[in-house]
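Me: I would like a close look at one part of this model, with the reasoning laid out step by step. Please take a single helix to begin with, and then follow with whatever bears comparison elsewhere.

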Amino acid sequence: MKLGFVGSGAITEAVITGLMKSRSDISAVVVSPRSAHIASRLAAKFPLVRVGMDNQDVIDSADIVFLAIRPQIAEEVIAELRFREHMQVVSFIAAVQIETLASWIKVPVTITRTIPLPFVAELQGATAIYPPNDLIADLFSPLGVAVQAKDLKQYNLFGAASALMATYFGLLETSARWLEAEGMSYDQASSYLRQLFGGLSHVTGASQAQSFEEMASEFSTKGGLNEQVFTEFIDNGGTKALTLALESVLRRIEQR
């Protein structure tokens, strides 16, 4: 299996790193020279990776092509490339629909949209895939879990959920700064919160049969401190703000 990546940014690096750790059936990977420092780093780290002469070289060398291009320049880049009929084309471009990509590519290919997250590098990612494509799902499954969306609405919902990452880190930062304001050093607060939330993340992954509500109840004593914080979070509009933010992001995604 030969893979080509048009665009060599952070997500490309994460996906290739995960694939090199988890797959033995990949014979070659060709990456775009555009982000030279990332491309050269990948080539130096993995013997199967080489930097293409240009984007057309990436296309010509690959069985499966991944489009990891910024939406602002996607049409300009893709329209200049010559694709082979019936190629597998995987798009990481969040803002571009399949019909639009097809109009730029101009020959019949199989296009699959995906949302790989940075954690695929550590084989911990959850990658949403649309439309369902067993070949692409099989490729991403060893990188954590591949979730095939049954329709565009579901895929867009996965996209909205993936926008929670900055909020997660923002919650940690807010908590660390509060601890700092109360007299603890930021480094000590950060160390404690990393361990606390890392442990919670482990429990979440290991408790697949439990709902989040059940886990919240399990980690809250009736009338205790955990229950108090969550109750005040709800009463002060925390869950409402989160819901409104997700609805807003979904509208933005669906309007693209």
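What span should the 17 residues of helix H12 (residues 238-254) have, and how far apart are its end C-alpha atoms?

Reply: Since this is a predicted model, what follows describes computed geometry. Helix H12 runs over residues 238-254, and at 1.5 Å a residue its 17 residues should span 24 Å. The expected span is 1.5 Å times one less than the number of residues. The end C-alpha atoms of H12 are 25 Å apart, which agrees with that expectation.

The next matter is how the residues of H12 are placed around its axis. Gly238, Leu250 and Ile253 are buried in this helix, and because these three cover an arc of only 110 degrees around the axis, they lie on the same side of H12. Lys240 and Arg252, on the other side of H12, are exposed. As for what the buried residues of H12 meet, they pack against helix H7 (152-162) and also against helix H11 (225-235).

Helix H5 (residues 98-105) can be read in a similar way. Its buried residues are Ile98, Leu101, Trp104 and Ile105, and the arc they cover around the axis is only 120 degrees, which puts them on the same side of H5. The partners of these buried residues include both strands and a helix: they pack against strand S4 (64-67), helix H4 (71-79), strand S5 (88-91), strand S6 (110-115) and strand S7 (125-130).

The backbone just after H5 also deserves attention, for H5 is followed by Lys106, whose phi is positive, near 75 degrees, a positive value in a residue other than glycine. Lys106 is found in the loop between H5 and S6, and with a relative accessible area of 62% it is exposed, the cut-off for that term being over 50%.

Continuing to the loop between S6 and S7, one finds Leu123 there, which has a positive phi of about 60 degrees although it is not a glycine. Leu123 has a relative accessible area of 29%, and so it is partly exposed.

Beyond S7, in the loop between that strand and helix H6 (134-140), lies Pro131. The peptide bond leading from Tyr130 to Pro131 is cis, with omega near -10 degrees.

Definitions and conventions. Residues are numbered from 1 along each chain as its sequence is written. This is a predicted model: local features need pLDDT of at least 70, side-chain atom pairs count only at pLDDT 80 or more; totals for chains, interfaces and linings use all residues. Side-chain values use heavy atoms; hydrogens and water are left out. Helices (H or I, at least four residues) and strands (E, at least two) are DSSP runs, numbered from the N terminus. Buried means under 20% relative accessible area, exposed over 50%, partly exposed in between (1.4 Å probe, protein chains only). The arc is that of the directions from the helix axis to the C-beta atoms. Contact means heavy atoms within 4.5 Å.
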